[in-house]
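Reader: I am new to this structure. Please pick one part and take me through it closely. How do its pieces fit together?

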Amino acid sequence: MAPTYGYWDLRGLGQPIRNLLIYKGVQFEDKRYKFGAAPDYDREEWLKEKFTLGLRFPNLPYYIDGDVKMTQSMAIIRYLARKHDLAARNEKETQELDMLEQQARDLAWNLVMAVHSPTYPESRRKYEENMENALRPWDELLQGKLWVLGDRLTYVDFLSYEALDWNYELNASVFQGFPILVAYLKRFEELPNIRQYFSSGKYSKYPILGPMVKWGFKKP
């Protein structure tokens with residue numbers, strides 16, 4: 001029986017895991033839950049199943065594969081990385097990937113806080129003013145490298161691709177000064193299985209975030 005991966009019908013925390021499964025050729029059920037209509041955006045579609053799946057800590061995303069029943073996005077992607085040889089292979093790599101996974105999360109969620117702030121659009125303006133400073137360390141990291149760890153793709157690339165691509169969608173003009181980052185995004189998009197997936201009807205750039213957020217639900 002194929003694994004089931006459950007998350008909202010958007011990219012958010014869920015897309016790096018979807019992309020990893022697609023890249024590794026895993027046949028899985030991509031279970032997507034939709035929000036209700038405005039203005040409440042209720043979560044009834046998820047809530048009616050939440051406590052019926054045998055999850056110890058019911059939440060989205062979740063991953064079910066036989067006896068494996070997991071929640072928490074980082075726990076899931078680390079598990080899949082170990083299973084599919086996309087994790088660290090020694091202590092030095094572990095230290096580097098542990099740090100970079102958190103940096104990728106910060107890059108994504110600093111954007112989320114800016115576009116979900118009650119002071120939007122002022123919060124977005126301030127965020128965009130600082131984008132060059134936020135992107136520069138990633139540009140420096142990737143100089144002379146194919147992937148964040150070097151020549152070998154790891155699970156952190158699935159996290160960093162999402163974080164960088166969200167920022168690209170927010171303000172692509174900032175990336176004109178970072179051709180290394182643009183090349184990195186394109187390289188990821190050309191990966192086996194990813195290229196076919198991204199060009200199929202199963203994938204969409206939007207929604208990135210939920211409908212209650214000021215930016216990211218619909219393409220501007």
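Author: Start with a term: two strands pair if DSSP finds at least two bridges between them. The model is a predicted one. The part to look at is the sheet.

The sheet is open and has four strands. Their order is E2-E1-E3-E4, and the pairing is mixed. Two of these are edge strands: E2 (29-33) and E4 (68-71). Each of them pairs on one side only. From one strand to the next, the twist averages 15°.

Now go to the pair E1 and E3. Strand E1 covers residues 4-8, and strand E3 covers residues 62-65. They pair in the antiparallel sense, over three bridges. One contact point to find on screen is Gly6, whose bridge partner in E3 is Tyr62.

Move on to E3 and E4. This pair is also antiparallel, and four bridges join the two strands. Look for Ile64: opposite it, in E4, stands Lys69. The two strands form a hairpin, with two residues between them. Gly66 sits in the turn and has a positive phi of about 65°. As for side chains, in a regular strand they alternate between the two faces of the sheet.

Next come the helices that cross the strands. Helix H1 (residues 15-23) lies across E1, E2 and E3. It runs at about 150° to E1. Helix H3 (residues 73-83) lies across E3 and E4. Its direction is at about 135° to E4.

What links helix H1 to strand E2 through side chains? A salt bridge does: Arg18 pairs with Asp30, and their closest N and O atoms are 3.0 Å apart. Arg18 belongs to H1 and Asp30 to E2, so the bridge ties together parts that are twelve residues apart in sequence. Are these two residues buried or exposed? Arg18 is at 0% relative accessibility, so it counts as buried. Asp30 is partly exposed, with a relative accessible area of 27%.

Asp30 has another partner. Its side chain also meets that of Arg32 in a salt bridge, at 3.0 Å from N to O. Arg32 is partly exposed, at 25% relative accessible area. Which residues does the wider network hold? Salt bridges link Asp9, Arg18, Asp30, Arg32 and Lys34. The whole structure has 19 salt bridges.

Finally, set this part against the record. UniProt, in an unreviewed entry, places "domain: GST N-terminal" at residues 1-88. Over that span the chain is 31% helix and 20% strand. The C-alpha atoms at its ends are 29 Å apart. A further annotation from an unreviewed UniProt entry, "domain: GST C-terminal", covers residues 90-208. That span is 64% helix and 0% strand. Its end C-alpha atoms lie 34 Å apart.

For contrast with Arg18, take Asp157 in helix H7 (residues 155-170). Asp157 is buried, yet it has no salt bridge. Arg187 is the nearest side chain of opposite charge, and it is 7.8 Å away. A salt bridge needs the nitrogen and oxygen within 4 Å, so that pair does not qualify. Leaving aside neighbours within four places in sequence, Asp157 is in contact with Trp147, Val148, Arg152, Tyr184 and Phe188.

Note on methods:
Residues numbered from 1 in each chain as written. Predicted model: local features only at pLDDT ≥ 70, side-chain atom pairs only at ≥ 80, totals over all residues. Heavy atoms only, no water. Buried < 20%, exposed > 50% of the residue type's maximum accessible area, 1.4 Å probe, protein only. Lys, Arg positive; Asp, Glu negative; His and termini not counted. Contact = heavy atoms within 4.5 Å. UniProt positions renumbered as here; feature names shortened; annotations may be inferred. Axes fitted to C-alpha atoms, helices over the stretch in contact; angles between N-to-C directions.
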